Amino acid sequence: MPELPEVETVRRGLEPAMEGARFAKVEVHRGDLRWPLAKDFAKRLEGSTVTGLGRRAKYLLADLSSGDVLIMHLGMSGSFHVFAKERQNTPGAYYHERSKHVAHDHVVFYMSSGAIVTFNDPRRFGSMKLVARAKLDDEPLLRGLGPEPLGNAFDAAMLALACKGKKTSLKAALLDQRIVAGLGNIYVCEALYLARLSPKRLASTIAARSGAPNERAARLVESIKRVLNDAIKAGGSSLRDHKLTDGGLGMFQHNFRVYDREGEKCRTPGCPGTVKRIVQNGRSTFYCPSCQK
């Protein structure tokens, strides 16, 4: 499942093709994604302009001149691709020629920018939904999401207060989208390693009884921001399905310190430990028992 860095990378790739551009034509080849597209989906999009392209947690949000917001999720195998209709007239570095229709291109956007944007999803766990901007705060997909980990408001005090008194593991708490939005298994493992904190540690141990942050909370927030920023710069992690909008692959998987490195030597200088894999809440956790306490 794509996590925050992968979704943010896709957003940046789509931005030059979509932001400020009008939907000249929309084709729906299959409407049965994770849930069915609205019957008037194409009609509501055509003629409207993308006034802004943002991200909330693992969702892409296209603000439209019509007053709607297009909410998009990549699911497990979804990817967007940007193709040049007229190569000489298309700006940016995320364009390549579209040679032929692909079987899993379920939705195709023809933009007034001259770009063709396709949504390809072999497993059809991705989703698109049009929501009136005035009702966005009440949208079930977004309601209840925690703070953005790269936002200025996300700090040690906020994370500690959210973890105050929690009896779950620190790993489980960080995967809870109500506590912090957008984190997934890969980047939680990597952030805990950088912070030298065990994934098995109780979440409540990063806070005092009052909810005030301790030194562990400060280290963890710093590590979360560092890992996410590094991953975005690398284009995210391509393990199975994630692709950039130009068809290329993310490169952060080559920088993993613990994730998917079971049995390998810990990369902390001077640490004699070996990366171990355990299962927590049905998910694989990778960590170094020697330096993560």
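Aromatic pairs come to 6 in this structure, which is a predicted model. Two of them are worth walking through.

Take Y187 and F252 to start. Their ring centres sit 5.9 Å apart with 40° between the planes, making this a tilted pair. In sequence terms the partners are distant: Y187 belongs to helix α5 (residues 185–194), while F252 is in the loop between α6 (215–233) and β9 (276–280), and 65 residues separate them. As for solvent, Y187 and F252 are both buried.

Now for Y259 and F286. Here the centres are 5.1 Å apart and the planes meet at 65°, so this pair counts as edge-to-face; the cut-off for that label is over 60 degrees. Y259 is in the loop between α6 and β9, and F286 is in strand β10 (residues 283–287), so the contact ties together parts of the chain 27 residues apart in sequence. Y259 and F286 are buried too.

How do these rings fit into a bigger picture? Ring pairs join Y187, F252, F256, Y259 and F286 into a cluster. That puts both of the pairs above in one network, with F256 as a further member.

There are also charged side chains lying over ring faces. If you're into cation–ring geometry, here they are:

| Charged residue | Ring | Distance to ring centre |
|---|---|---|
| K25 | Y110 | 5.5 Å |
| R196 | Y193 | 4.5 Å |

So which residue lies over the face of Y193? That's R196, at 4.5 Å from the ring centre. Over the face of Y110 you'll find K25, at 5.5 Å.

Methods. Residues are numbered from 1 along each chain as its sequence is written. This is a predicted model: local features need pLDDT of at least 70, side-chain atom pairs count only at pLDDT 80 or more; totals for chains, interfaces and linings use all residues. Side-chain values use heavy atoms; hydrogens and water are left out. Rings of Phe, Tyr and Trp (its six-membered ring) pair if their centres lie within 6.5 Å; planes under 30 degrees apart count as stacked, over 60 as edge-to-face and the rest as tilted. Helices (H or I, at least four residues) and strands (E, at least two) are DSSP runs, numbered from the N terminus. Buried means under 20% relative accessible area, exposed over 50%, partly exposed in between (1.4 Å probe, protein chains only). A charge sits over a ring if NZ of Lys or CZ of Arg is within 6 Å of the ring centre and within 35 degrees of the ring normal.
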